[in-house]
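Visitor: I have a model open and would like to learn how to read it. Could you walk me through it, feature by feature?

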Amino acid sequence: MTTNDRRAEQRPVPGGSVEFDADVLVIGGGPAGTWAAVSAAERGARVVLADKGFCGTSGATAAAGTGVWYVDPDPALREAAMANREKLGGHLQDRRWMARVLDQTYQDGNRLAAWGYPYPVDDSGKSQRNSLQGPEYMRLMRKRTKQASVTILDHSTALELLVDDDGAVAGASGVRRQKHDRWTVRAKAVVIATGGCAFLSKTLGSNVLTGDGYLMAAEVGAEFSSMEFSNAYAISPAFGSVTKTLFYGWATFSYEDGSVVPGAASKGGRSAIARALLQGPVYARLDKADGNVQRDMRASQPNFFLPFDRTGIDPFSERFPVTLRLEGTVRGTGGLRIVDDSCATSVPGLYAAGDAATRELICGGFTGGGSHNAAWAMSSGTWAGRGAADYARQLGPARQRRLASAGTVAFRSRSNRPLEPAVLARAVQDEVYPYELNYFRHASRLDGALARLDAAWVDVSAADAASKDDLLRARESAAMLATSRWMYRSARARNESRGMHRRDDYPDQDDRQRHYVTSGGLDEVWTAVRPHADASYAEAAE
Amino acid sequence: MIEVIDAERCTSCDICVNVCPTNVFDKTDGIPVIARQSDCQTCFLCELYCPEDALYVAPHADTPCPTDVVALRETAALGSYRRAVGWTDQTRDLRGIDRSYLLFGH
């Protein structure tokens with residue numbers, strides 16, 4: 001087979017749009033999407049990758065730097081790596097999945113070295129592979145994706161999935177933002193790697209992450225899991241976008257008058273910062289960083305210093321105002337439910353990877369920095385790509401399937417009442433940004449928010465189809481709305497505090513609720529409870 | 001948000017139009033324009049990819065911050081991010097000096 005045979009085939013279509021026939025379509029070009037595309041291509045699949053922005057700069061990783069859960073294959077080190085986060089995650093992790101993610105991340109991290117990623121070498125001569133510079137990493141992943149004969153469609157936002165008569169997913173279509181026309185990819189399997197949803201909060205690199213993949217998946221009946229773990233907030237300068245929680249470990253937080261905020265810390269004390277921000281401004285100064293740490297910070301994360309250098313602030317000696325920006329499910333652990341080791345979802349032909357998929361299997365209900373998230377993106381991307389390629393091969397030679405578009409909201413002409421994307425996005429933000437609603441949850445406040453969000457959904461469902469120019473924004477805001485409803489319905493179903501999910505009315509963890517909350521639905525949002533793997537084994541043994 | 005395209009430095013290569021993940025720029029017959037500034041997510045990546053150091057992203061994420069390009073040229077700000085991450089010929093050694101492994105676990 002020549003390289004050329006493995007390219008997706010472009011079909012001639014009239015009227016400026018493009019159409020491709022592929023085995024696997026990957027939606028999203030961040031770490032998870034590029035690993036999925038490369039892995040599917042290595043399995044012999046013809047692959048198209050569509051990104052709403054530019055594969056290489058899109059998503060939360062490209063703009064940042066990220067730790068990676070890369071642990072040498074020493075049993076004691078691996079055991080410690082798995083054990084040390086279990087309590088934080090509320091004991092919802094699954095040891096089998098943690099072990100296979102550690103294995104896969106180790107392999108993928110080493111492949112990056114072979115591909116030329118410039119890992120640093122420490123004083124003892126050892127290559128250190130537990131951190132990646134986002135721009136460097138994603139520039140390399142774009143190159144590898146192209147070298148794998150994947151067809152990359154940049155600025156090509158997916159808007160809806162295509163399904164066959166049996167309800168299996170068979171491609172997607174969307175808009176080409178810079179060409180003002182449409183694209184369609186007919187594929188035997190689709191990988192959703194669209195990231196999480198950060199609700200346009202401008203947390204670094206996340207404004208492309210509006211839950212688009214969730215909405216498309218929900219429209220074909222996919223299920224979600226752990227959506228209550230969706231209230232991660234990151235510290236940034238009040239005026240800026242750069243979030244780097246790790247560095248605030250060296251900060252002292254203070255009120256306007258200079259007195260220290262009691263209990264405030266980047267790790268294990270962020271809620272104290274949130275409570276203080278409810279009262280007034282909060283300031284930080286990285287005064288616990290000595291000269292060596294300051295130098296290492298500058299070397300490791302140049303972008304952290306851009307907001308300071310460009311406003312003339314010395315963050316180590318001067319106080320600057322900080323805020324907490326919502327990261328939603330980008331740093332939460334909820335997402336599409338994974339049903340097997342190949343990262344298949346509950347819908348035939350549909351796979352999920354990275355932040356779009358639930359990270360509960362390795363993080364439970366909490367993830368701190370990027371380390372586990374980056375490991376999950378690589379591992380789940382690799383598996384979803386292979387899984388989708390194998391599924392496509394098993395479907396056999398292309399049959400002429402009759403395909404239908406699955407898009408609902410913003411596509412249907414109904415009431416001649418317009419859907420106003422900016423207004424809707426603002427309305428959703430008003431329900432998910434406030435610390436008193438989302439950071440600190442309470443049944444009565446969740447119920448109030450849900451009533452307003454449900455009413456908004458009824459309104460949006462009845463609205464007229466969006467105009468061509470508004471369609472992308474309309475779908476983004478509808479996806480944000482749908483996401484907020486799975487989040488809060490799931491939060492309402494977990495009557496305890498566990499992981500990042502914090503209920504003022506149930507402040508303690510409840511051993512009887514060591515289970516997962518599944519959710520789904522659009523017009524009617526539902527939740528259900530699934531046992532944790534340990535409980536399932538115990539039951540089987542009885 | 002993106003504030004400046006320095007017309008003296010810009011060569012109309014349109015790389016920024018291609019790489020911006022939120023599609024802030026538009027191509028023109030001449031140099032690109034900042035067509036949708038409010039869509040800018042302040043990720044600094046256009047600046048990083050600009051081979052001429054013609055772009056400047058102000059660190060303010062939520063509000064525009066009009067910046068005088070003449071004054072900016074007097075500072076070392078243009079291209080400072082690209083130099084710091086080692087994406088220039090003169091600074092390429094900086095690509096491999098990530099010291100995060102010394103900072104984790106704090």
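**Strands, sheets and an interface**

Guide: Let's start with a strand pair: β12(A) and strand β13 (residues 282-285) of chain A run antiparallel and are joined by four bridges. Keep in mind that this is a predicted model.

Visitor: Okay, zooming in on that pair, which residue of β13(A) stands opposite Thr252(A)?

Guide: That's Arg285(A).

Visitor: And how do I get from a pair to a whole sheet? What is the strand order in the open sheet of four strands with β11 in it?

Guide: Follow the pairings from one side to the other. Here that gives β11-β14-β13-β12 in chain A, with antiparallel pairing. The ends of the row are β11 (232-237) and β12 (252-255) of chain A, edge strands that each pair on one side only. From one strand to the next, the twist averages 45°.

Visitor: Which helix packs on that sheet?

Guide: Helix α6 of chain A, residues 270-279, which touches β11, β12, β13 and β14 (320-328) of chain A. For orientation, compare directions: α6(A) makes about 110° with β14(A).

Visitor: Let me try another one. What is the order in the sheet that contains β15 of chain A?

Guide: Read it the same way: four strands of chain A form an open sheet, β15-β10-β18-β19, with antiparallel pairing. Its edge strands are β15 (335-336) and β19 (526-531) of chain A. Strand β10 (residues 224-225) of chain A pairs with β15(A) over two bridges, in the antiparallel sense. In one of those, Ser225(A) has Gly335(A) as its bridge partner. Lying across β10, β18 (515-520) and β19 of chain A is helix α14 (residues 471-493) of chain A, at about 145° to β18(A).

Visitor: On to side chains. How many salt bridges does a search of the whole structure find?

Guide: It finds 52 over all chains. A good habit is to ask what a given pair links. Take Glu42(A) and Arg111(A), whose closest N and O atoms are 2.6 Å apart. Glu42(A) sits in helix α1 (residues 31-42) of chain A and Arg111(A) in helix α3 (residues 95-114) of chain A, so their salt bridge ties together parts 69 residues apart in sequence.

Visitor: What about chain B? Which elements does chain B have?

Guide: Five helices and four strands. From the N terminus on, the elements of chain B go β-α-β-β-α-β-α-α-α. The C-alpha trace of chain B spans about 50 × 30 × 25 Å along its principal axes.

Visitor: So how do I put a number on an interface?

Guide: Interface size is often quoted as the accessible area lost when the parts come together. Between chain A and chain B about 4100 Å² is buried, and carbon and sulfur atoms give 56% of that. On the chain A side, Thr57(A), Lys202(A) and Arg310(A) lose the most area to chain B, together 17% of what that side buries. You can also count residues: 54 of chain A are in contact with 42 of chain B.

Visitor: And how many salt bridges are there between chain A and chain B?

Guide: Five. Asp296(A) forms a salt bridge with Arg99(B), with the closest N and O atoms 3.3 Å apart. The interface also has 24 residue pairs in polar contact.

Visitor: Which element gives the largest share of the side of chain A that touches chain B?

Guide: α7(A), with six residues. By residue class, the side of chain A that touches chain B divides into 22 nonpolar, 20 polar and twelve charged.

Definitions and conventions: Residues are numbered from 1 along each chain as its sequence is written. Chains are lettered from A and ligands numbered from 1 in the order in which they are written. This is a predicted model: local features need pLDDT of at least 70, side-chain atom pairs count only at pLDDT 80 or more; totals for chains, interfaces and linings use all residues. Side-chain values use heavy atoms; hydrogens and water are left out. Contact means heavy atoms within 4.5 Å. Buried area is the accessible area (1.4 Å probe) that two parts lose on being put together, summed over both. A salt bridge is a side-chain nitrogen of Lys or Arg within 4 Å of a carboxyl oxygen of Asp or Glu. A polar contact is a pair of N or O atoms within 3.5 Å; within protein, one must be able to donate a hydrogen and the other to accept it, and residues adjacent in sequence count only if both atoms are side-chain atoms. Ala, Val, Leu, Ile, Met, Phe, Trp, Tyr, Cys and Pro count as nonpolar, Asp, Glu, Lys and Arg as charged, and the others, Gly among them, as polar. Two strands pair if DSSP finds at least two bridges between them. Axes are lines fitted to C-alpha atoms, for helices over the stretch in contact, and angles run from 0 to 180 degrees between N-to-C directions.
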